[in-house]
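Biologist: Please take one part of this model and go through it closely. I would like to hear how the strands are arranged and what packs against them.

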Amino acid sequence: MPKPEIIGSARSTYTRVVCMACEEKGIEYVLTERPLGAPELVAIHPFGKMPVLRHGDVELFESKAIATYLDRSFPGPPIFPSDPHLAALTEQWVSLVNTAMDRTLIRTYIYAYIAPKTAGKPDREAIEAVMPAVREQLGILDRAVARTGYLVGDLFTFADINLLPILHRVGQFPEGAEALAATTSLTAYYDRHAARPSFARTVPPSGPPGRAAAGYSPPPLAS
């Protein structure tokens, strides 16, 4: 059986999530760098987004689906708990981050820097407008990890893997870094887990992300 091939960009948070999942489980994989809308992406993802997976006859898109497949197909530490309650909590946090927090932290805040209305100038109006929500959502996460240092019980799960690349991007810009530093438990959580080999080995190239950061596409491909 060939190694799993992850197609996407190292700068994409969701591509990084899948790579981190492989690293946590000790899976040998290949990362094929491609831009949004590349033929290899379009052939698998209906909107040409990243990441996608090829593994033998298996083709998948969406990071959660890919990570689930990898977790169930390979040995190594599980990243999705078998306990029903803990599994549900993992799904809960993945869903909340992907459907609500991602839109605030990445698609609105980070995009005000990397895809502003006026090229070369951060969208200050959008940044100022979204910062209350950024602080509120970081506060929610701060309280969530306060007791155990994890999102789910005392386990490092896919919920944590899914969040860490987003926090990394938020911390690359001044208001986000300040809001993150204002937390107590979340800052400790990030610093602790950023020391994991899976995080260190998947750090994207230095410098701010481009328009393809986090696997998002500019209109009309954005969902």
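Modeller: This is a predicted model, and I will start with a pair of helices. Helix α1 (residues 13-25) and helix α3 (residues 63-73) pack at an angle of about 10°, and their axes are 9 Å apart. Angles under 35 degrees count as roughly parallel, so α1 is roughly parallel to α3. On the α1 side the contact is made by Tyr14, Val17, Val18, Ala21, Cys22 and Lys25. On the α3 side Ser63, Ile66, Ala67, Leu70 and Asp71 take part. Sorted by class, this contact of α1 with α3 has 8 nonpolar, 1 polar and 2 charged residues.

Both helices also lie across strands. Helix α1 lies across β1 and β2, and runs at about 160° to β1. Helix α3 lies across β3 and β4, and runs at about 140° to β4.

Those strands belong to one sheet. It is an open sheet of 4 strands in the order β2-β1-β3-β4, and its pairing is mixed. The edge strands are β2 and β4, each of which pairs on one side only. From one strand to the next the twist averages 20°.

The pairings can be followed across the sheet, starting from the β2 edge. Strand β1 (residues 5-8) pairs with strand β2 (residues 30-33) in the parallel sense, over 4 bridges. Between these two strands the chain passes through α1, and the resulting β-α-β crossover is right-handed. Within this pairing, Gly8 stands opposite Glu33 of β2.

Next comes the pairing of β1 with strand β3 (residues 52-55), which is antiparallel and has 3 bridges. Here Ile7 has Val52 of β3 as its bridge partner. Val52 also has a bridge partner in β4, namely Phe61. Val52 is thus a point where the description passes from β1 to β4.

The last pairing is that of β3 with strand β4 (residues 58-61), again in the antiparallel sense, over 4 bridges. Besides the bridge between Val52 and Phe61, Leu53 stands opposite Leu60 of β4. The two strands form a hairpin with 2 residues between them. Gly56 is in that turn and has a positive phi of about 65°.

For a second helix pair, look further along the chain. Helix α5 (residues 124-144) and helix α7 (residues 174-181) pack at an angle of about 20°, with 10 Å between their axes. By the cut-off used above, α5 and α7 are therefore roughly parallel to each other. Their crossing is right-handed. From α5 the contact involves Arg124, Ile127, Met131, Val134, Arg135 and Leu138. From α7 it involves Glu175, Gly176, Ala179 and Leu180. The residues of this contact divide into 6 nonpolar, 1 polar and 3 charged.

To return to the part you asked about: the sheet order is β2-β1-β3-β4, with α1 across β1 and β2 and α3 across β3 and β4.

Notes
Residues numbered from 1 in each chain as written. Predicted model: local features only at pLDDT ≥ 70, side-chain atom pairs only at ≥ 80, totals over all residues. Heavy atoms only, no water. Pairing = 2+ DSSP bridges. Right-handed = clockwise from strand over helix to strand, strands pointing away. Axes fitted to C-alpha atoms, helices over the stretch in contact; angles between N-to-C directions. Parallel < 35°, antiparallel > 145°, perpendicular 65-115°, else oblique. Left-handed = near helix turned anticlockwise from the far one by under 90°. Contact = heavy atoms within 4.5 Å. Nonpolar A, V, L, I, M, F, W, Y, C, P; charged D, E, K, R; others polar.
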